[in-house]
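Biologist: Please take a close look at the enclosed space in this model. Then work outwards from there.

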Amino acid sequence: MNQKKQLRTDLKGLLFILPSLSGFLLFVVVPVVFSLVISFCQWDYTQGLPGISFNGGINYINIWSDDWFVKSFTNTILFSLGFVPTTIVTALFISILLDRYVYNKRICQLFFFMPYISNVVAVSIVWVVMLSSSGPISSMLRALGVSEPPKWLGNTSTALPSVILMSVWLNIGYVIMIYTAALQNVSQDLYEAADLDGANGWQQLLHVTLPTLRPTTFFLVITTIINSFKVFGQINIMTQGGPGNATSVLVHYIYKSAFTFYDMGYASAMSWILFIVLFAITIIQMRGQRERESL
């Protein structure tokens, strides 16, 4: 009787999660498995499923001789190297200022958070106008005496830094929110003990605040790296990968390969390489975090 009762309870539970589980299997698991299969094929999806032809994984070999892929992969790494440290360090600095020196910090947090919840297309268009040759930034530089302001999005040397700057502004509000919440949980007893030991503000930051925020920083670094590797919206709106391929990043090139060149198999192979890179970065970060915690 107890077994039958438990079975009925389990079946009821399964029925409750069945709609969500079905959606997960249909819209997540099946596409992921299908993308892995077609990454070993050549497929112009405009020809339908009969157009799939197995090519023995030649996609994974040809990728590394593709100059556009190499450039896009390099730009993705450069974007991440510029975006992640700038976002984390700036957000931590602002969070500490908000926590210690700002009155009515909730309102300030809201102002910083507003860009993060804004539509990336609308924000990107605003930044295109701001960075145009007749926009407010160039006009301000001319007023300050700069005769030839940079062509921010039209120059190969300034286009990627401009997109990085916009992306930092767009995403920093989320990081500030997380850091500010974490700072609320730092015990004041630690600061009082450090103050009694004669530690100044800088020493308290280095030996109390930063070590306490280490788990939060680890989480934010991982999520920010993942976000930097899948950047797409602002690239597609602001530069479309140009000028030339100066701002072509991996996700944008995957999109072009799939929906402009109709080579879904090649695009899937690049997607799996991106997954492997992000997985490897996450594993390395997790191992490093465990080693630091064990010290």
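Modeller: The count comes to 1 cavity of 30 Å³ or more. A cavity here is a set of points, on a 1 Å grid over the protein atoms alone, where a 1.4 Å probe fits but cannot get out. This is a predicted model: local features need pLDDT of at least 70, side-chain atom pairs count only at pLDDT 80 or more, and totals for chains, interfaces and linings use all residues. Residues are numbered from 1 along each chain as its sequence is written, and side-chain values use heavy atoms, with hydrogens and water left out.

The largest cavity holds about 60 Å³ of space. Volume means the space filled by probe spheres set on the points, which are joined across faces, edges and corners. Its lining consists of Phe 83, Thr 87, Tyr 116, Asn 171, Tyr 174, Val 175, Thr 223, Thr 224 and Asn 227. Lining residues have an atom within 4 Å of a point. Helix 3, helix 7 and helix 10 each give at least two residues to this cavity lining. Helices (H or I, at least four residues) and strands (E, at least two) are DSSP runs, numbered from the N terminus.

Now the open space. A pocket is an open set of points with protein on both sides within 12 Å along at least five of seven lines. The largest pocket has a volume of about 210 Å³. It is lined by 13 residues; Leu 170, Asn 171, Asn 227, Lys 230 and Gln 234 lie nearest its centre. Asn 171 and Asn 227 also appear in the lining of the largest cavity. Helix 3, helix 7 (159–184) and helix 10 (214–229) each supply at least two residues of the pocket lining. Helix 7 gives the most, with 3 residues.

Helix 3 runs from residue 67 to 101. Its expected span is 1.5 Å times one less than its number of residues. For 35 residues that should be 51 Å, and the end C-alpha atoms are 50 Å apart, which agrees. At its start, a side-chain oxygen of Asp 66 comes within 3.0 Å of the backbone nitrogen of Trp 68. This is a polar contact (N or O atoms within 3.5 Å, one able to donate a hydrogen and the other to accept it; residues adjacent in sequence count only if both atoms are side-chain atoms). Lys 256 sits over the face of Trp 68, 4.9 Å from the ring centre. The rule asks for NZ of Lys or CZ of Arg within 6 Å of the ring centre and within 35 degrees of the ring normal.

Next, the aromatic rings. Rings of Phe, Tyr and Trp (its six-membered ring) pair if their centres lie within 6.5 Å; planes under 30 degrees apart count as stacked, over 60 as edge-to-face and the rest as tilted. The count is 16 aromatic pairs. Phe 34 and Trp 43 pair edge-to-face, at 5.7 Å centre to centre and 85 degrees between the planes. Phe 113 and Tyr 116 make a tilted pair, at 5.5 Å and 40 degrees. Tyr 116, from the cavity lining, is partly exposed at 33% relative accessible area. The classes are buried under 20%, exposed over 50% and partly exposed in between (1.4 Å probe, protein chains only). Phe 34 is partly exposed, at 34%. Trp 43 is buried, at 9%.

Trp 43 lies in the loop between strand 1 (41–42) and strand 2 (53–54). One aromatic cluster joins Phe 34, Trp 43, Tyr 45, Phe 232, Tyr 255, Phe 259 and Tyr 262. Tyr 262 belongs to the loop between helix 12 and helix 13 (264–294). Its phi is positive, about 60 degrees, although Tyr 262 is not a glycine. Tyr 262 is partly exposed, at 36%.

Last, the loop between helix 11 (233–238) and helix 12 (250–259), where Thr 247 lies. Thr 247 is buried, at 0% relative accessibility. A polar atom of its side chain lies 2.6 Å from the backbone oxygen of Gly 242. Gly 242 is joined to Pro 243 by a cis peptide bond, with omega about -5 degrees. Pro 243 is in this loop, and so is Gln 240. Gln 240 has a positive phi of about 55 degrees without being a glycine. Gln 240 is exposed, at 59%.
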